[in-house]
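Take a walk through this structure, one piece at a time. Keep the sequence beside the 3D view as you read.

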Amino acid sequence: MIDYKSALDKVLLNVQKPSRYVGGEVGAVYKNVEPVRGESLLRFAFCFPDTYEIGMSHLGLKILYSLINSVPHYWCERVFMPADDMYEAMIENNIKLYGLESLEPIADFDFIGFTLQYELTYTNILAMLDLAGVPLLAKDRHYPIVIGGGPCACNPEPMAAFFDLFVIGEGEEVTLELLKLYEKFKARNAEKEEFLRAAANIKGVYVPSLYDVKYNDDKSVKEIVPIDSAPMPITKRIVEDLDKAYFPTNFVVPFCDIVHDRAVVEVLRGCFRGCRFCQAGFIYRPYREKTKETIVSQLSRLCDNTGYDEASLTSLSTSDYSDIEGLLSQICEYTNKNNIGLSLPSLRVDKFSSQVLEKIKSVRKSGLTFAPEAGTQRLRDVINKNVTEADLEKSCRIAFSGGYSSVKLYFMVGLPTETLEDIEGIITLIENVIEVYYDVGKTLQKAEKAKTKIRPVSVSVSLSTFVPKPFTPFEFEPQVSKEEFDARRRHLLSLLNNKKVRISWSDYDESFLEAVLARGDRRLSDVILRAYKLGCRADAWGEHFKPNLWEQAFADCGVEPQFYALRKREYDEIMPWAHLDMGLKKEFLIKENKRGLLNE
């Protein structure tokens, strides 16, 4: 057997950022692999299918890592996708994918769990299983159990062939229920299939092998049939009371810089806004808040235990908290006293105020971000984005009056019913923001009787391609074609003549593949496997994305990607995710779709 630690010692000398691969951080959990009071150790590999820097920033990982490790005879270890140099070195030196805590191969664990955060990480999941020496197809495996969860699990069908089961919905409660059930079957060396049949009876657990999918001649789904009396539908799990839900008092503090290196507390879950394009806003319903006392307590304990001098309040829309100003006042009593910076992501244009700005401007030196999403009020009404041009102007005026000279604006291209007039509206909004900035500057200059020159304004504009997602009112709508996307982009750029504005675009080919995988069915498992075998990996990173290889994979498997992304779906069509209950009636989605299109 290979001596992993000796092999790693040699490899780590020749890779970038070796601290990604050695563990040993403050806050990491270590356990004795020998039985404790007669109970053998149940081992769980929490795999994040992206690099250490991204995975270690993910709050869900931090919560489940601490939750599982809170049970004395359970050991959860962290696993991340190695960067290219380490990936190749591991293959060359026959080092199997291992847990950061024990440095032992995860193929020997009881569970290998993946979080499905983004469709373009799917080939990374196969790469990690392969690197671990674990058969890729669920039908070819006995143990370990490969489990998935996260937002993309609301339609896991494209990955159904590779997973034994999925957790649908929120994982804080169902995870321990599942592990406790597994212990009973492990104790008597039961077959995997017997465990899976029992697990399927836990609310929120979906076992793909217990369902058969039939198709119509036109390639749409005809029927989803449960096998052996499996539950139908599979209902998502919801944590009812966030104040009572498990939340860690400590985080693993990394050695190297990560994307979000700070203490993070979730303040609320769900969203009541109802933006018709936003999957997260629908699948995380119902809307729930923590009390101010719980938030302040969790944040202070995390900062005290980790030593972080920056904290963040996170949610889909933090400024929607019912008493955001009261919450900030309580938190700032602690953060100001302890010299801790506070950041507030997910601010909404219509909830931005001078009081909120005052609380956050000490750490928001790089500018503020707002998301109008569309260039005209008509299109914002279509997507149910309840933000007006007056809201944006007011928020920018507050920010510029508070000393900011930069702002970032988010828009989407290709929304349902979008016209060139809506594209032109983006330019109008940008120009209005610039006009507000100089108007504020002149007003302040006059009030202060100063002759100092007004600093140049900086406006960054980020444009993404609309991707229709399951369990949204726009799940029925097609994505725009590449030709139409390019035409709209050219039109927008032809109208832009201000050097103070920087525009960035999402890559259409990446967004197209995202749309295919988001609304796909089980037949895409063959395509994903073929793409991986052809060399696709790390598709979420532009420099690694290989659209030509994906095109070949689709062709080799006889699958037309346009069928999934560019086709409008009829209201009576059976969706590939129809057997999963996310708490949203299809009739409601149809009604909202019609309401949106009536604004056309």
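Helix α6 covers residues 171-187, 17 residues in total. From its first C-alpha to its last it reaches 24 Å. That is close to the 24 Å expected at 1.5 Å a residue. Keep in mind that this is a predicted model.

Which residues of α6 are buried? They are G171, E172, V174, T175, L176, L178, L179, L181, Y182 and F185. Now look just past the end of the helix. There N189 takes a positive phi of about 55 degrees.

Move on to F195. Set aside its neighbours within four places in sequence, and F195 is in contact with F111, I145, L165, L178, L181, Y182 and F185. Four of these names may sound familiar: L178, L181, Y182 and F185 are among the buried residues of α6.

F195 also leads into the interior. The largest nonpolar core has 158 residues. F195 is one of those with the most contacts inside it, along with Y98, F114, L165 and V459. Which helix gives this core its largest share? It is helix α14, residues 420-447, with ten residues. The core also draws on two domains. At least three of its residues come from domain 1 (2-235), and at least three from domain 2 (367-523 + 559-600). Apart from this core lies another, of 28 residues. V253, Y321, I324 and C332 are among them.

Next, find a loop. It runs between β13 (310-314) and α10 (324-337), and S315 lies in it. Is S315 buried or exposed? Buried means under 20% relative accessible area. S315 counts as buried because its relative accessibility is 12%. Its side chain makes polar contacts with the backbone. The side chain of S315 reaches the backbone nitrogen of S317 at 3.1 Å. It also reaches the backbone nitrogen of T318, at 2.9 Å.

Finish with a sheet. This one is open and has six strands, in the order β2-β1-β3-β4-β5-β6. The pairing is mixed. Which strands stand at the edges? They are β2 (74-80) and β6 (205-206). Each has a single partner strand, so one side of each is left without a neighbour in the sheet. For β2, look at strand β1, residues 42-48. Seven bridges join β1 to β2, and the two run parallel. To see one position across this pair, find L42, which stands opposite Y74 in β2.

Note on methods: Residues numbered from 1 in each chain as written. Predicted model: local features only at pLDDT ≥ 70, side-chain atom pairs only at ≥ 80, totals over all residues. Heavy atoms only, no water. Core = buried A, V, L, I, M, F, W, Y, C linked by side-chain atoms within 4.5 Å. Buried < 20%, exposed > 50% of the residue type's maximum accessible area, 1.4 Å probe, protein only. Helix = DSSP H or I, 4+ residues; strand = E, 2+ residues; numbered from the N terminus. Domains from an automatic or database assignment. Contact = heavy atoms within 4.5 Å. Polar contact = N/O pair within 3.5 Å; in protein donor to acceptor, adjacent residues only side chain to side chain. Expected span 1.5 Å × (residues − 1). Pairing = 2+ DSSP bridges.
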